[in-house]
Amino acid sequence: MWESDSELVGGRDYGNGVLGSSKHGVKNDGFELRGQSWYVATDIPSDFLVQIGDVSFHLHKYPLLSRSGKMNRIIYESHNADLNKIAFDDLPGGPEAFELAAKFCYGIAVDLTAANISGLRCGAEYLEMTEDLEEGNLIFKTEAFLSYVVLSSWRDSIIVLKSCEKLSPWAENLQIVRRCSESIAWKACANPKGIKWAYTGKPPKVSSPKWNEMKDSSPSRGQQVPPDWWFEDVSILRIDHFVRVITAIKVKGMRFELIGASIMQYATKWLPGLIKEGMGTGMGDEGSNSSNGSSGSSSWKGGLHMVVAGAKDDPPTVQAKDQRMIIESLISIIPPQKDSVSCSFLLRLLRMANMLKVAPALVTELEKRVGMQFEQATLADLLIPSYNKSETLYDVDLVQRLLEHFLVQEQTDSSSPSRQPFPEKHLYEGTQRGNGSNAKMRVARLVDSYLTEVSRDRNLSLTKFQVLAEALPESARTCDDGLYRAIDSYLKAHPTLSEHERKRLCRVMDCQKLSIDACMHAAQNERLPLRIVVQVLFSEQVKINNAIANNTLKEAGESQYQPMISNRKTLLEGTPQSFQEGWTAAKKDINTLKFELESMKAKYLELQNDMENLQRQFDKTSKQKQTSAWTSGWKKLSKLTKMTNIETHDIGSQLPTAADQTRKTPRRWRNSIS
C-alpha cells in the first residue's frame, strides 16, 4: 500500500513508466489489430512474420534484428537469409509481452505498469534484448523499473508477484519472485508508525496508505494501524508465493500469532468450508489494535485495506489436487509455537487432510500439533468422519492418537527441567502442575462427551470404547458421571452384549466417583450388571455414613463458636431485605436437611442396637450347644484335682513348723572351778 504514481527514483526519470526509443528504423504511426493479426501502420510492406500462439505479427526484420539476439541467432543458424517466418510458442508473457517488445523495437512509446512489467521482463530475457546489441535495451529498462519503482511500492509488489504465477520458471530464475517476496515481507514487518495512512473513508481501491521513509508520521485522524493490515493483500497470492512471503516474514522476526492468523486467513479464502461462517482468526493478542482479528479487514470502515486483485465475495474455485497442495504447504509453514493457530483450525485442517489423502508424514505432524493444545478442542471439531475403509461412522482411532500425543506432551512438559532459580523453579513447577491437571480434566470431559456421541454407533467395538475410556489416568476424572452416561448410551445401542461384556464395559467406571443423581439412576438401571448395581448401592451407603459423620463433627465444632451468633445477627440486620429473605429460605432448607440427617442417624443407631442384640443372642445360643456330659465330667475331675493339690500344699507347709518346735536346744556346759 505504498504508492508508485509518477515517481522519480535515484535521479532517473522513467517518464511515468513510458519507454521510448530514440532510434526509429522504420517510420510508423503505430500498430493496428486486424482479427488475430497485428500490422505496422507504415508504407513499407512487412517482410517478417512472427507467430505467437494464435496471434501473428507482420513486422520488419531490421528493427527486430537490431534489438533481439535470439532472432539474430535463429536466422544465422538457419543458413537462410531469406527466412521470413518464426514461431515462438514458449515465449513467456505470450502475445501481450511480444507486442510491447515489438513496439519498443519500433520506437513506439510503451507504458510500463505493475501488471505488464514481469511478463515484459521475462519476454525481453527470452528474446535476449541485452546491452550488447544496443545501449538502453529492453532488459536494462525493465530491470530498472522493477528495482526502483515496483519494489518500493507495496501495491506494485503484490501485483507483480501475482502476475508471476504464469511466468514460471522465468520469474524464479530472474529473481523476480524472491525480490518481490522480500519487499513484501520487509514492508509487512516494518513499524506501522512509518506508514502514512491516506484516510478518506472511501472504498479501499480509492485510498491506500503511503510509505514515508523520511519522517515518522502517524495515521491520519488519530487512527491506529491494525496489525493485520497486510493479511487480505497477501491472501490473494498463489500458495507457493504465499509460502515464500511467510518464510521471509518469519526470518524478519514477526510475532508468531500474527503469522498464524495470516495462515488462517489464507486458508479461509482458499479452502471453502474450512472455517465456520463468522468465525474470526482468534489472535487474542493484548497488543493487537484490532479487536476482530483477521476479520477486521472486512469490518474496517476507513478504507485502510485494499484488495489488489479479485473480489473478496467470490472465493476461488480450487480443485482437489490444488487443495491437497495448499494443505500440505500450510502445514509446513505453521509456526511451531503452541498457540500460533487455534486448535479448532488445526482439527478442521486435519479433517480435510484425511479427506484429501495428504501425505502421511504431514498428517502425523498435524496430529502432534493438535495434541499440543488438545484441551482447547470442542466436541464438534472432534467428530471427524472416517474416510478410510472403516466400519465406524467416526474416526475413533484418530481421536485415540490425538489423546496419546496429548499425554506424551503433558509428560514431556512435566519432566522438562527448568533453569530458573530455586524458589522460582518451585513456583513454576507448581503452576505447571496445576495447569497440567486442569488440562487433563478438560480433556477427560471432552473424551467422555465424545464417547457418549460415538457410542450410538452400532459398529463401534467394545475394545475401542474401552481403550479410549481408559487412556486417561484415574486422576484426570474427579467425577465419572460423563463416563457413566457414555456407558449407558453404549448399552442402549448394543442390547445384545453378554453379561461378561457388560461387566467388562462397566469396569472402566469407578462407582465411588458417581454423584448422588448418577447413583440413583444407576440403582434403577436394568441394563447394568447386578454386581455394578450392588457396588453403586454400597458406595451410596458409604457416602451417607460419611455425611452423617461430617454433620456430627460440624455440630461439635459449631458449639465452640456460639459468641459469633450475635455478630451474624448483627450482619443480617444490616443486609438488604431480599438477602434476608433468601437467607431465611436457605436456613429453612438447612434445618430440613439437618432434621433428615438426624432421623437417618436415629434409624442407623436403632439398626445398630438391633444388630448387637442379635449378635449377643447368637453368641449365647452357640455357647449352650457346645456344653455336654463329658465336658461337665471333665470339669468336675479338674475341680477335684485342684482341691487335692491345695490340701497337699497346706499339709506340706505345716510340717516344717512342727520340726522347728521339737528341735533340741544347744547343750550348755557348766564351768567347773577347781
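**Stop 1: the open sheet**

Start by selecting the five strands that form an open sheet, in the order 2-3-5-4-6, in this predicted model. The pairing in this sheet is mixed. Look for the edges: strand 2 (31-34) and strand 6 (85-87) each pair on one side only. As you turn the view, note that neighbouring strands are rotated by 20° against each other on average, with direction ignored. Strands of a sheet pair through backbone hydrogen bonds, either parallel or antiparallel.

Now walk across the sheet, beginning with strand 2 and strand 3. They run antiparallel and are joined by four bridges. Color phenylalanine 31 and you will find valine 40 of strand 3 opposite. The two strands form a hairpin with two residues between them. Select glycine 35 in that turn: its phi is positive, at about 70°.

Next, move from strand 3 to strand 5. Here the pairing is in the parallel sense, over three bridges. To see one pair, show serine 37 together with serine 56, its bridge partner in strand 5.

For the far side of the walk, select strand 4 (residues 48-52) and strand 6. These run parallel, with three bridges joining them. Valine 50 has isoleucine 86 of strand 6 as its bridge partner.

Before leaving the sheet, add residues 94-105, which are helix 3. Which strands does helix 3 lie across? It lies across strand 2, strand 3 (37-40), strand 4 and strand 5 (55-59). Its direction is at about 10° to strand 5.

**Stop 2: helix 10 and its two partners**

Select residues 239-251 for helix 10 and residues 320-333 for helix 13. Two packed helices are described by the angle between their axes and the distance between the axes. For helix 10 and helix 13, the angle is about 5° and the axes are 10 Å apart. The two helices are therefore roughly parallel to each other.

Show side chains to see the contact. Helix 10 brings Ile239, Phe242, Val243, Ile246 and Lys250, while helix 13 brings Met325, Ile326, Ser329, Leu330 and Ile333. Sorted by class, this contact has eight nonpolar, one polar and one charged residues.

Keep helix 10 on screen and add residues 256-270, helix 11. The axes of helix 10 and helix 11 come within 11 Å and cross at roughly 170°. That makes helix 10 roughly antiparallel to helix 11. At this meeting place, Ile239, Phe242, Ile246, Ile249 and Lys250 of helix 10 touch Ile259, Ser262, Ile263 and Tyr266 of helix 11. By class, seven nonpolar, one polar and one charged residues make up this contact.

**Stop 3: helix 11 and helix 13 up close**

Helix 11 has 15 residues. From its first C-alpha to its last it reaches 21 Å, close to the 21 Å expected at 1.5 Å a residue. Of these 15 residues, 13 are buried, so helix 11 is largely enclosed by the rest of the structure.

Helix 13 has 14 residues, which should span 20 Å at 1.5 Å a residue; its end C-alpha atoms are 20 Å apart, which agrees. Which residues of helix 13 are buried? They are Gln323, Ile326, Ile327, Ser329, Leu330, Ile331 and Ile333. To see what covers them, show helix 10, helix 11, helix 14 (343-355) and helix 15 (360-372), which are among the covering elements.

**Stop 4: two buried side trips**

Go back to helix 10 and pick out histidine 241. Is histidine 241 buried or exposed? Its relative accessible area is 2%, so histidine 241 is buried. Apart from residues up to four places away in sequence, histidine 241 touches Leu161, Cys164, Glu165, Val177 and Ser181. Try a C-alpha to C-alpha distance to arginine 178: the two are 63 residues apart in sequence and 9.0 Å apart in space.

For the other side trip, select residues 422-454, helix 18, and find aspartate 448 in it. With a relative accessible area of 5%, aspartate 448 is buried. Leaving aside neighbours within four places in sequence, aspartate 448 is in contact with Arg477, Gly482, Leu483 and Ala486.

**Last stop: the whole chain**

Zoom out to show everything. The chain's secondary structure comes to 26 helices and nine strands. Of its 674 residues, 40% count as buried. Among contacts between residues at least 6 apart in sequence, 72% join residues at least 24 apart.

Note on methods. Residues numbered from 1 in each chain as written. Predicted model: local features only at pLDDT ≥ 70, side-chain atom pairs only at ≥ 80, totals over all residues. Heavy atoms only, no water. Pairing = 2+ DSSP bridges. Axes fitted to C-alpha atoms, helices over the stretch in contact; angles between N-to-C directions. Contact = heavy atoms within 4.5 Å. Expected span 1.5 Å × (residues − 1). Buried < 20%, exposed > 50% of the residue type's maximum accessible area, 1.4 Å probe, protein only. Parallel < 35°, antiparallel > 145°, perpendicular 65-115°, else oblique. Nonpolar A, V, L, I, M, F, W, Y, C, P; charged D, E, K, R; others polar.
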